[in-house]
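Here is a set of questions about how some descriptive terms are justified for one model. Each answer sets what was computed against the criterion behind the term.

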Amino acid sequence: MSTTLSSLSTRREGEEGESKNIKMEEFPSPIDRARKLRKNMTPEEGLLWANFRKRRFKGLKFLRQHPIVYEIINNRRIFFIADFYCAEKKLVIEVDGKIHDFQKDYDDRRDEILRNME
């Protein structure tokens with residue numbers, strides 16, 4: 001199965017690593033991918049971020065577009081990017097937009113992974 005940058009942007013999942021036949025742009029690091037998403041927040045994410053940033057919500061520290069690596073295969077990090085993450089409460093917040101109407105299986109798998117993490 002081939003993963004491309006376009007599929008990463010719609011599914012918010014990816015791998016990082018090098019291969020002789022693969023350009024690095026096709027496999028951005030989790031941090032690079034998160035940085036791109038931070039620059040392109042939806043209006044709804046921006047509204048939430050305005051209320052979460054600088055511990056404005058109950059004094060809790062939230063990170064936006066936070067990469068969560070859940071598996072490493074052949075030195076490639078398999079990850080997804082949470083819209084918002086609070087480490088203190090181990091809380092992930094996903095802002096569901098229209099894309100989620102078309103990726104229910106992916107969302108269910110992500111939810112299962114999160115439930116099983118320590």
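Q: What makes the set of Ile 68, Tyr 70, Ile 78, Phe 80, Ala 82, Tyr 106 and Ile 113 a nonpolar core?
A: In this predicted model, these seven residues form the largest nonpolar core; the term applies because such residues are buried and are joined through side-chain atoms within 4.5 Å. The elements that each contribute two or more residues to this core are β2, β3 and α4 (104-116), and β3, with three residues, gives the most. Another core, of six residues, lies apart from it and includes Trp 49, Phe 52, Leu 60 and Cys 86.

Q: Why are the buried residues of α3 said to line one face of the helix?
A: The residues concerned are Glu 45, Trp 49 and Phe 52, each of which is called buried because its relative accessible area is under 20%. Seen down the axis of α3, they fall within an arc of 65°, so they line one face of the helix. What covers them includes β2 (63-73), β3 (76-86) and β4 (91-93), while the face turned away from this buried side carries Pro 43 and Leu 47, which are exposed.

Q: How do you know which element has the highest mean pLDDT and which the lowest?
A: Among the elements of the protein, helix α3 (residues 43-52) has the highest mean, 96, and helix α1 (residues 5-11) the lowest, 32. The protein averages a pLDDT of 80, with 76% of the residues scoring at least 70, whereas over residues 1-24 pLDDT stays under 50.

Conventions. Residues numbered from 1 in each chain as written. Heavy atoms only, no water. pLDDT = per-residue confidence, 0-100. Helix = DSSP H or I, 4+ residues; strand = E, 2+ residues; numbered from the N terminus. Contact = heavy atoms within 4.5 Å. Buried < 20%, exposed > 50% of the residue type's maximum accessible area, 1.4 Å probe, protein only. Arc of directions from axis to C-beta.
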